[in-house]
Amino acid sequence: MSQQIRREVLSAFRKLHRTRQLIFAGDDKALQLGRNEINSHFRKNMQETNVDEIKKMIKLALDVDKELRTNVIQAKQKDEGVYELRITPETTRLDNIVFNPDAVIEPPRRRKGQPATGCCGGAAAPASKDAESNQQK
């Protein structure tokens, strides 16, 4: 394994552990479980020599890191039914849109050059034209 790939693997490993410490701060059980999970995955693949496979695994590790940083929040119960959320600046925040049960969703419009959809993918239309022409004869 080249030195560059080795550095990338170690960088991804350290980054995952720093993210684990940030996301699960104060939760000893989650910190330990996250540590065990990260370490076991890296140990399991330690003997891999195929550079392409290693690069795929590095990309997966970085994707997991991003997912943890942007989509995992920590909640602690303060009172009965009251929770305190620890949201970081990296946490993805979406706009809340109220669901409208009376909304009318129109079917997508056909694009130019696309076949007609319907029963049998539009194949029934030419057959029906043939049947009409036979009846007229």
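1. A quick reminder before we start: a residue counts as buried under 20% relative accessible area, as exposed over 50%, and as partly exposed in between. Phe13, with a relative accessible area of 25%, is therefore partly exposed. Please keep in mind that this is a predicted model.

2. On the overall layout, the chain has four helices and two strands. Read from the N terminus, the order of elements is α-α-α-β-β-α. Of the 137 residues in the chain, 15% count as buried. Taking the contacts between residues at least 6 apart in sequence, 50% of them join residues at least 24 apart.

3. Now to the helix pair you may want to look at. The axes of helix H1 (residues 3-23) and helix H3 (residues 51-71) come within 10 Å and cross at roughly 20°. Angles under 35 degrees count as roughly parallel, so H1 is roughly parallel to H3. As for handedness, the crossing of H1 and H3 is left-handed.

4. Which residues of H1 and H3 meet? From H1 come Ile5, Glu8, Val9, Ala12, Lys15, Leu16, Thr19, Leu22 and Ile23. Their partners in H3 are Val51, Ile54, Lys55, Ile58, Ala61, Leu62, Val64, Asp65, Leu68 and Arg69. Sorted by class, this contact of H1 with H3 has 13 nonpolar, one polar and five charged residues.

5. Back to Phe13, now for its ring. The count of aromatic pairs comes to one. In that pair, the ring centres of Phe13 and Phe42 are 5.0 Å apart and the planes stand at 75°; planes over 60 degrees apart count as edge-to-face, so this pair is edge-to-face. The pair links distant parts of the chain, since Phe13 sits in helix H1 and Phe42 in helix H2 (residues 28-44), 29 residues apart.

6. Is Phe42 buried or exposed? Neither label fits: Phe42 has a relative accessible area of 22%, so it is partly exposed. Its partner Phe13, at 25%, is also partly exposed.

7. One last residue of helix H1 is Gln21. With a relative accessible area of 46%, Gln21 is partly exposed. Gln21 and Leu31 are ten residues apart in sequence, and their C-alpha atoms are 6.6 Å apart in space.

Conventions: Residues are numbered from 1 along each chain as its sequence is written. This is a predicted model: local features need pLDDT of at least 70, side-chain atom pairs count only at pLDDT 80 or more; totals for chains, interfaces and linings use all residues. Side-chain values use heavy atoms; hydrogens and water are left out. Axes are lines fitted to C-alpha atoms, for helices over the stretch in contact, and angles run from 0 to 180 degrees between N-to-C directions. Angles under 35 degrees count as roughly parallel, over 145 as roughly antiparallel, 65 to 115 as roughly perpendicular and the rest as oblique. A crossing is left-handed if the near helix is turned anticlockwise from the far one by less than a right angle, and right-handed if clockwise. Contact means heavy atoms within 4.5 Å. Ala, Val, Leu, Ile, Met, Phe, Trp, Tyr, Cys and Pro count as nonpolar, Asp, Glu, Lys and Arg as charged, and the others, Gly among them, as polar. Rings of Phe, Tyr and Trp (its six-membered ring) pair if their centres lie within 6.5 Å; planes under 30 degrees apart count as stacked, over 60 as edge-to-face and the rest as tilted. Buried means under 20% relative accessible area, exposed over 50%, partly exposed in between (1.4 Å probe, protein chains only).
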